[in-house]
Amino acid sequence: GAWQAEGSLDLTIGGGGEWGDQQFYTCAVDTREGKLKGLVWEELHESLPGSYDFDHDGEPEIVELITVPANEEPSTAVGWYELRVRTGDNRLYWGESFAEAHPGWGSCFACRVDGEDYLLRYTPTMYQGFASYGYQLFSLTGEGEEQVVREGSVDFDINFGSPMHGEFDPAAIAAFLEEVHGLLEDSELLLSTESGTFRSGGPGSDFKDDLSGWTDDPLYDEGKSLEENIRAIGAYWEEMMTAE
């Protein structure tokens, strides 16, 4: 067993290898009314392919995908996913959780920049017409702390005509998307739950969730730049939403 935080215990049962399969559990425990109470979820572990050196020490890390089934029906329901990075000696030193429910959406990629491996966290989030897109490109220290080397964000609002309408800057939106897509060109998808769909594996350049709002629009013109399309589609939306 290993305590990951107060009240959070990871358990491994079984020796593995010739001793048989191991089973993994995550436990949430606390004391209520003088008694020890808790919940237990079984974890399904999968080692992801690829060799990555996120702490740049010359030794590859182990990347794991953890699936935690929900304690509810149907039995195939998933509670959440975790992406974990371990050192070669199997020490856990970084992890992050994702879910298919909207508040847990997110994506993480293994990204190659200037010959070095990095993790790329990308969250193109939209709630009721207000979008907040952000990314962090980071390496890991030997202690598993994130060392951010590049990051960026853009906020925009497509609720044209609303008295609370915020900013909509096509040039800023396009510049941000092009910056992220440049990083995705040399990356591999480790885990994504964007749009409520779990995915793992494949080139990051295939990730287009952040463009679906534009490229699915009938007005999108492949012969124009991204900024030109965003500007034209935004103008059309504004005209439609503010027309009397």
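A residue counts as buried when its relative accessible area is under 20%, as exposed when that area is over 50%, and as partly exposed in between. The exercises below concern a predicted model, and each solution proceeds step by step.

**Exercise 1. Decide whether Glu227 and Arg231 are buried, partly exposed or exposed, and describe how their side chains meet.**

Step 1. Arg231 has a relative accessible area of 42%, so it falls into the partly exposed class. Glu227, with a relative accessible area of 30%, is partly exposed as well.

Step 2. Side chains of opposite charge can pair when their charged atoms come close. Glu227 and Arg231 form a salt bridge in which the closest N and O atoms are 2.7 Å apart.

Step 3. Both residues belong to helix 3 (residues 226–242), and because they are four residues apart there, about one helical turn separates them. An α-helix has 3.6 residues a turn, so residues three or four places apart point the same way.

**Exercise 2. Find what the side chain of Glu228 contacts, and state how far its C-alpha atom is from that of Ala174.**

Step 1. Glu228 is also found in helix 3, and its relative accessibility of 45% makes it partly exposed.

Step 2. A polar atom of the Glu228 side chain lies 2.8 Å from the backbone nitrogen of Ser225.

Step 3. Although Glu228 and Ala174 are 54 residues apart along the chain, their C-alpha atoms are separated by 8.8 Å. Ala174 is one of the buried residues of helix 1.

**Exercise 3. Test whether the length of helix 1 (residues 170–184) agrees or disagrees with the expected span, and then examine its start and its buried residues.**

Step 1. The expected span is 1.5 Å times one less than the number of residues. For the 15 residues of helix 1 this gives 21 Å, and the end C-alpha atoms are 21 Å apart, so the two values agree.

Step 2. At the start of the helix, a side-chain oxygen of Asp169 comes to within 3.1 Å of the backbone nitrogen of Ala171.

Step 3. The buried residues of helix 1 include Pro170, Ile173, Phe176, Leu177, Val180 and Leu184. His181 is also among them.

**Exercise 4. Explain why strand 5 (residues 62–69) is described as largely enclosed, and identify the strands that pair with it.**

Step 1. Six of the eight residues of strand 5 are buried, and the strand is therefore largely enclosed by the rest of the structure.

Step 2. Strand 4 (residues 35–47) runs antiparallel to strand 5 and is joined to it by four bridges. In this pairing, Leu44 stands opposite Thr67 of strand 5.

Step 3. Strand 6 (residues 78–86) likewise runs antiparallel to strand 5, to which eight bridges join it. Here Glu64 stands opposite Arg84 of strand 6.

Step 4. The loop between strand 4 and strand 5 contains His56, which has a positive phi of about 60° although it is not a glycine. His56 has a relative accessible area of 30%, so it counts as partly exposed.

**Exercise 5. Work out which parts of the chain the salt bridge between Arg121 and Glu96 ties together, and which network includes these residues.**

Step 1. The side chains of Arg121 and Glu96 meet in a salt bridge with an N to O distance of 2.8 Å. Arg121 lies in strand 9 (residues 116–127) and Glu96 in strand 7 (residues 92–98), so the pair ties together parts that are 25 residues apart in sequence.

Step 2. Arg121 is buried, because its relative accessibility is 13%, whereas Glu96, at 22%, counts as partly exposed.

Step 3. Glu96, Arg121 and Glu146 are linked in a network of salt bridges, within a structure that holds nine salt bridges.

**Exercise 6. Name the residues that make a nonpolar surface patch of about 390 Å², and place Tyr236 in the structure.**

Step 1. The patch is made by Leu219, Tyr236, Met240 and Met241.

Step 2. Tyr236 is situated in helix 3. Its relative accessible area is 37%, so Tyr236 is partly exposed.

How values were computed:
Residues numbered from 1 in each chain as written. Predicted model: local features only at pLDDT ≥ 70, side-chain atom pairs only at ≥ 80, totals over all residues. Heavy atoms only, no water. Buried < 20%, exposed > 50% of the residue type's maximum accessible area, 1.4 Å probe, protein only. Helix = DSSP H or I, 4+ residues; strand = E, 2+ residues; numbered from the N terminus. Pairing = 2+ DSSP bridges. Polar contact = N/O pair within 3.5 Å; in protein donor to acceptor, adjacent residues only side chain to side chain. Salt bridge = Lys/Arg side-chain N within 4 Å of Asp/Glu carboxyl O. Patch = residues over 30% accessible without salt bridge, like charges linked within 9 Å, V, L, I, M, F, W, Y side chains within 5 Å. Areas by Shrake-Rupley, 256 points an atom, 1.4 Å probe, with all protein chains shown as cover.
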